[in-house]
Amino acid sequence: MAAENSKQFWKRSAKLPGSIQPVYGAQHPPLDPRLTKNFIKERSKVNTVPLKNKKASSFHEFARNTSDAWDIGDDEEEDFSSPSFQTLNSKVALATAAQVLENHSKLRVKPERSQSTTSDVPANYKVIKSSSDAQLSRNSSDTCLRNPLHKQQSLPLRPIIPLVARISDQNASGAPPMTVREKTRLEKFRQLLSNQNTDLDELRKCSWPGVPREVRPITWRLLSGYLPANTERRKLTLQRKREEYFGFIEQYYDSRNEEHHQDTYRQIHIDIPRTNPLIPLFQQPLVQEIFERILFIWAIRHPASGYVQGINDLVTPFFVVFLSEYVEEDVENFDVTNLSQDMLRSIEADSFWCMSKLLDGIQDNYTFAQPGIQKKVKALEELVSRIDEQIHNHFRRYEVEYLQFAFRWMNNLLMRELPLRCTIRLWDTYQSEPEGFSHFHLYVCAAFLIKWRKEILDEEDFQGLLMLLQNLPTIHWGNEEIGLLLAEAYRLKYMFADAPNHYRR
């Protein structure tokens with residue numbers, strides 16, 4: 001009996017020593033069914049009590065008036081399809097949205113820019129309409145006759161996840177797919193890459209404003225340090241590294257069922273289906289198996305950090321880029337079972353090694369207590385306080401902490417805030433910058449925050465600010481918007497990187 005009680009205690013405990021804990025902001029935590037039942041019973045008793053009219057203008061008022069239903073239980077015990085879960089979900093959402101709608105009712109919101117999804121696609125280009133495209137179209141048509149603000153109020157029910165769209169689309173503003181200038185740049189890339197010893201410094205300069213899709217896979221391998229600059233050594237290096245990776249698979253992957261690795265593998269297995277759930281490519285079982293192997297082998301080989309929620313997102317840009325080397329059609333809807341086994345093995349191994357190179361530079365983001373992220377968020381706060389004191393004071397007035405929104409920006413490298421096509425373009429520049437993923441990313445986050453200056457200052461309560469900052473409207477962004485963001489980030493870096501006292505009080 002004592003042994004059974006002890007087992008039940010540890011099962012109930014969410015903070016076991018050495019266990020994998022969810023990262024704040026990295027996932028949308030599910031609701032505990034036990035809390036669900038209690039909440040519905042309590043609501044049924046007091047359903048005659050009207051909602052409070054007083055708005056929560058600060059974090060403390062918001063916390064006092066809000067019951068936290070985000071305690072995390074065991075995933076296998078949760079039944080998301082139960083009627084009680086659906087009832088709670090809608091009631092909580094309506095109660096929260098009611099207050100926010102009242103606060104926003106007098107704000108003027110500019111209608112979202114309409115965008116043709118096929119304006120920049122050649123006439124002879126065949127596109128298969130995906131389920132995500134269809135959902136986006138339905139959302140757009142439903143909001144034509146109502147204020148766009150109402151669309152944002154549905155976010156607590158199911159946040160809009162950015163789509164990869166078509167990776168071949170070069171611009172959200174409808175620019176032609178290949179201009180004369182772009183053809184010239186492509187030829188320059190090909191000339192650089194064909195040299196016996198590629199000039200990596202020149203390659204970085206050319207890659208900073210973006211890498212053409214046709215040469216992006218080989219360029220990323222070189223810039224990440226995965227491939228050598230010498231062309232004669234590349235083939236042997238690729239063969240050796242790919243064999244080495246699958247040697248790790250044979251050596252370590254079966255250990256996922258061992259007791260000391262079960263927690264790691266279980267968390268990876270849970271997180272993989274949550275990775276870009278609206279993109280059909282990442283919901284294919286074969287792709288999910290590839291991601292599981294990549295993440296598990298990386299975690300086993302890096303025990304200082306192990307697997308942390310959010311690392312699963314970092315595989316997707318590499319996978320899409322290396323997949324595009326073999327696919328000319330719409331990547332979002334491509335069925336990977338049409339590729340040969342050798343092609344899939346090459347994509348998997350290259351994705352693993354390039355992701356490993358990236359994480360080597362930011363591993364302190366994922367070690368115990370995640371000190372790298374803590375430092376970067378603090379640096380962002382100091383930087384914003386100098387470049388835009390009004391925004392900084394606005395956050396302080398409504399008790400918004402930078403950690404509440406910027407943690408996810410650092411943990412996921414803005415991947416949850418941008419469509420995947422924009423992330424790929426952003427990473428072109430990150431790999432061209434010295435310490436791009438660690439140092440330059442700070443200035444990109446600062447520029448990204450200032451980009452929404454007007455919208456931030458228009459919000460006058462804690463709830464509205466957090467909803468805005470965690471659901472920024474970037475779904476229609478393309479290369480043009482990313483280019484402007486990077487230019488502003490470079491300006492901030494030029495002003496402050498070598499003069500840290502400028503942003504220290």
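Start with a charge on a ring: Lys-241 lies over the face of Trp-353, at 3.7 Å from the ring centre. Here a charge sits over a ring if NZ of Lys or CZ of Arg is within 6 Å of the ring centre and within 35 degrees of the ring normal. Arg-345 does likewise with Phe-246, its charged end sitting 3.8 Å from the centre of that ring.

A word on what you're looking at. This is a predicted model, in which local features need pLDDT of at least 70 and side-chain atom pairs count only at pLDDT 80 or more, while totals for chains, interfaces and linings use all residues. Residues are numbered from 1 along each chain as its sequence is written, and side-chain values use heavy atoms, with hydrogens and water left out.

Now zoom out. The chain has 22 helices and zero strands; both are DSSP runs numbered from the N terminus, helices being H or I with at least four residues and strands E with at least two. Of the 505 residues, 49% are buried, where buried means under 20% relative accessible area, exposed over 50%, and partly exposed in between (1.4 Å probe, protein chains only).

On to the aromatics. The structure holds 26 aromatic pairs. Rings of Phe, Tyr and Trp (its six-membered ring) pair if their centres lie within 6.5 Å, with planes under 30 degrees apart counted as stacked, over 60 as edge-to-face and the rest as tilted. Take Phe-248 and Tyr-252: their ring centres are 6.2 Å apart and their planes stand at 40 degrees, so this pair is tilted. Both residues belong to helix H10 (residues 231-252), four residues apart, about one turn of the helix. Phe-248 is buried at 11% relative accessible area, whereas Tyr-252 is partly exposed at 25%.

Tyr-430 and Phe-440 make an edge-to-face pair, 6.2 Å centre to centre with 90 degrees between the planes. Tyr-430 is in helix H18 (residues 420-430) and Phe-440 in helix H19 (residues 436-451), so the pair ties together parts 10 residues apart in sequence. Both of these residues are buried. They also belong to a cluster linked by ring pairs, whose members include Trp-208, Trp-427 and Tyr-490.

Tyr-490 turns up again at the surface, where Tyr-490, Tyr-494 and Met-495 make a nonpolar patch of about 370 Å². Met-495 lies in helix H22 and counts as partly exposed at 38% relative accessibility. Helix H22 (residues 479-496) also holds Asn-479, whose C-alpha atom is 8.5 Å from that of Gly-210, although the two are 269 residues apart along the chain.

What about salt bridges? Count a side-chain nitrogen of Lys or Arg within 4 Å of a carboxyl oxygen of Asp or Glu, and the total comes to 17. Glu-202 pairs with Lys-188, the closest N and O atoms being 3.6 Å apart. That bridge links helix H8 (residues 200-207), home of Glu-202, with helix H7 (residues 180-194), home of Lys-188, the two residues being 14 apart. Within helix H8, Asp-201 forms a salt bridge with Arg-204 at 3.2 Å between the closest N and O atoms, and these two are three residues apart, about one turn of the helix. Asp-201 is exposed at 52%, while Arg-204 is partly exposed at 28%.

For a buried example, look at Arg-408 and Glu-417: both are buried, and their closest N and O atoms are 2.9 Å apart in a salt bridge. Finally, Arg-221, Arg-242, Glu-325 and Asp-350 are joined into one network by salt bridges that share partners.

Conventions. Patches are made of residues with over 30% relative accessible area and no salt bridge: like charges are joined within 9 Å, nonpolar side chains (Val, Leu, Ile, Met, Phe, Trp, Tyr) within 5 Å. Accessible areas come from the Shrake-Rupley method with a 1.4 Å probe; for residues, only the protein chains shown count as cover.
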